Amino acid sequence: MFVAVSTRTMAGAKRVVVDEGFQMRTPRRDRLAELSREWQARQQAKIEAALSPVSADKRIPRTNVQQLIADIAQKHGLSYGALMSKSRSQVIVIARDEAIAAVYALRDESDYWSFSLTMIGRLFNGRDHTTIMAALRRQAERKAGVR
């Protein structure tokens, strides 16, 4: 058995006869589908790595506020780094919103913690103060049962 392939050139059609061992080129569509599957597998691995719980010795909180954030992350079965990441996974966002609300509540309870919304945003990996306001609003809606 043999494989025959026709290719077009400027001069016209040219017939190429090839052995049985020859594998025809993968069409572009198949290659794109393969790349898409590889990308999805890498993304899933990243999400699983972010969701995997981290033991207490691997966390590196340096302040009381960071320890509070790490404790909330551990309560949700996440790592400290997962809360600080830019991930928008619902599990991570809910835990992050709870941590933001806890830091904000700490701010209200004591005169010592006089964090502004901008400073809280900086604690959470440089987020904007409006992001902190949105997180506080979402957390309040969750507590009220709206969301």
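Helices, numbered from the N terminus, are DSSP runs of at least four residues. In the predicted model described here, helix α4 gives the most to the lining of the largest pocket, with four residues. The overall make-up of the chain is set out before that pocket and the helices around it.

The chain contains six helices and two strands. Both strands precede the helices, the order from the N terminus being β-β-α-α-α-α-α-α. Of its 147 residues, 25% count as buried. The accessible surface amounts to about 10,800 Å², and carbon and sulfur atoms account for 53% of this area. When contacts between residues at least 6 apart in sequence are considered, 42% join residues at least 24 apart.

Five salt bridges are present in the structure. One of them is formed by the side chains of D97 and R138, with an N to O distance of 2.8 Å. D97 belongs to helix α4 (residues 90-109) and R138 to helix α6 (residues 129-144), so this pair ties together parts that are 41 residues apart in sequence. Both D97 and R138 are buried. D97 has a relative accessibility of 2%, and a residue is classed as buried because its relative accessible area is under 20%.

D97 also forms a salt bridge with R142, here at 3.0 Å from N to O. R142 lies in helix α6 and D97 in helix α4, so the second pair ties together parts that are 45 residues apart in sequence. In contrast to the buried D97, R142 is partly exposed, at 24% relative accessibility. D97, R138 and R142 are thus joined in a network of salt bridges.

A further salt bridge links the side chains of E141 and R137, with 3.4 Å between N and O. These residues are four apart in helix α6, and so about one helical turn separates E141 from R137. In an α-helix there are 3.6 residues a turn, so residues three or four places apart point the same way. Both partners of this bridge are partly exposed: E141 has a relative accessible area of 22%, and R137 has a relative accessibility of 45%.

Helix α6 was also examined as a whole. Its 16 residues should span 22 Å at 1.5 Å a residue, and the end C-alpha atoms are 23 Å apart, which agrees. The buried residues of α6 are I132, A134, A135, L136, R138 and Q139. Just after the helix, G145 adopts a positive phi of about 85 degrees.

The largest pocket has a volume of about 200 Å³. Its lining consists of K86, S87, R88, V93, R96, D97, I100, R127, T131, A135 and R138. Helices α4 and α6 each supply at least two of the lining residues, and the four residues from α4 make up the largest contribution. D97 and R138, which meet in a salt bridge, are both among the residues of this lining. A135, another lining residue, is one of the buried residues of α6.

Notes. Residues numbered from 1 in each chain as written. Predicted model: local features only at pLDDT ≥ 70, side-chain atom pairs only at ≥ 80, totals over all residues. Heavy atoms only, no water. Buried < 20%, exposed > 50% of the residue type's maximum accessible area, 1.4 Å probe, protein only. Contact = heavy atoms within 4.5 Å. Areas by Shrake-Rupley, 256 points an atom, 1.4 Å probe, with all protein chains shown as cover. Salt bridge = Lys/Arg side-chain N within 4 Å of Asp/Glu carboxyl O. Expected span 1.5 Å × (residues − 1). 1 Å grid on protein atoms, 1.4 Å probe; cavity = no way out; pocket = protein on both sides within 12 Å on 5 of 7 lines; lining within 4 Å. Points joined across faces, edges and corners; volume = space filled by probe spheres on them.
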